[in-house]
Amino acid sequence: MLRKTLLVLIGLAAALLLDAWGTPARAALPDTAVYHWEYSRLGQTQQVCKKIVLHPKLQTSSTPLGQHPVHIRSETVRDRYCSQQ
């Protein structure tokens, strides 16, 4: 009886250690920012410099094609950001 209890405790400890060190930590993925010229709105003729930021969303399972969802955010910035490219 004591032997079974000891084996169960050792097995549980080994499982917890493997779970703690066996799975990689979720590292923060960097945002990707792109600057380009774009029309300010539909129907407008004036172009403005836009900053497009792609922020990857973390999820537990990946799609069959290896694609990952992203959050896209855009904002108008000063012209000098687009002229540096």
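How many disulfides does the count come to? The count comes to 1 disulfide. The notes below take that link and then its surroundings; the model is predicted.

1. **Overall layout.** The protein has 2 helices and 3 strands. Along the sequence they follow the pattern α-β-β-β-α. Of the 85 residues in the protein, buried ones make up 8%. Take the contacts with a separation of 6 or more: residues 24 or more positions apart account for 37% of them.

2. **The disulfide.** Cys-49 and Cys-82 are the partners, with sulfur atoms 2.1 Å apart. The link is right-handed, with 90° about the S-S bond. Cys-49 belongs to strand β2 and Cys-82 to helix α2, so the pair ties together parts that are 33 residues apart in sequence. Both Cys-49 and Cys-82 are buried. A disulfide is a covalent bond between the sulfur atoms of two cysteines.

3. **The aromatic pair.** Searching the whole structure gives 1 aromatic pair. The ring centres of Tyr-35 and Tyr-81 are 5.2 Å apart and the planes meet at 10°; the pair is therefore stacked, since planes under 30 degrees apart count as such. Tyr-35 sits in strand β1 (residues 32-39) and Tyr-81 in helix α2 (residues 79-83), so this pair ties together parts that are 46 residues apart in sequence.

4. **Around Tyr-81.** Is Tyr-81 buried, partly exposed or exposed? Its relative accessibility is 29%, so Tyr-81 counts as partly exposed. Arg-80 lies over the face of the Tyr-81 ring, at 4.8 Å from the ring centre.

5. **Lys-50, a point to check.** Lys-50 lies in strand β2 (residues 47-56). Lys-50 is buried, yet it has no salt bridge. Which side chain of opposite charge is nearest to Lys-50? That is Glu-38, 4.1 Å away. The cut-off for a salt bridge is 4 Å, so at 4.1 Å the Glu-38 side chain does not qualify.

6. **Contacts of Lys-50.** Residues up to four places away in sequence are left out here. Lys-50 touches a run in the thirties and at 40: Val-34, Tyr-35, His-36, Glu-38, Tyr-39 and Ser-40 are among its contacts. Its contacts also include Ser-74, Glu-75, Thr-76 and Val-77. Cys-82, a partner in the disulfide, is touched by Lys-50 too. So is Tyr-35, which is part of the stacked pair.

7. **Tyr-39.** Tyr-39 is placed in strand β1. With 43% relative accessibility, Tyr-39 counts as partly exposed. The C-alpha atoms of Tyr-39 and Lys-50 are 8.8 Å apart in space, and the two residues are 11 apart in sequence. Neighbours within four places aside, Tyr-39 is in contact with Gln-44, Thr-45, Gln-46, Gln-47 and Lys-50.

8. **Ile-52.** Ile-52 is found in strand β2. Its relative accessible area is 18%, so Ile-52 is buried, the cut-off being under 20%. What separates the C-alpha atoms of Ile-52 and Glu-75? The separation is 6.8 Å, for residues 23 apart along the chain. Beyond neighbours up to four places away, Ile-52 touches Thr-32, Ala-33, Val-34, His-36 and Glu-38, and also Ile-72, Arg-73 and Ser-74. Lys-50 has Val-34, His-36, Glu-38 and Ser-74 among its contacts as well.

9. **Pro-30.** Where does Pro-30 lie? Pro-30 is in the loop between α1 (2-22) and β1. Relative accessibility is 62%, so Pro-30 counts as exposed. The C-alpha atoms of Pro-30 and His-55 are separated by 7.4 Å, with their positions 25 residues apart along the chain.

10. **To recap.** Two links involve helix α2. The Cys-49 and Cys-82 disulfide ties it to strand β2. The Tyr-35 and Tyr-81 pair ties it to strand β1. Lys-50 remains buried without a salt bridge.

Definitions and conventions
Residues numbered from 1 in each chain as written. Predicted model: local features only at pLDDT ≥ 70, side-chain atom pairs only at ≥ 80, totals over all residues. Heavy atoms only, no water. Helix = DSSP H or I, 4+ residues; strand = E, 2+ residues; numbered from the N terminus. Buried < 20%, exposed > 50% of the residue type's maximum accessible area, 1.4 Å probe, protein only. Lys, Arg positive; Asp, Glu negative; His and termini not counted. Contact = heavy atoms within 4.5 Å. Phe/Tyr/Trp six-rings, centres within 6.5 Å; stacked < 30°, edge-to-face > 60°. Lys NZ or Arg CZ within 6 Å of the ring centre and 35° of its normal. Disulfide = S-S within 2.5 Å.
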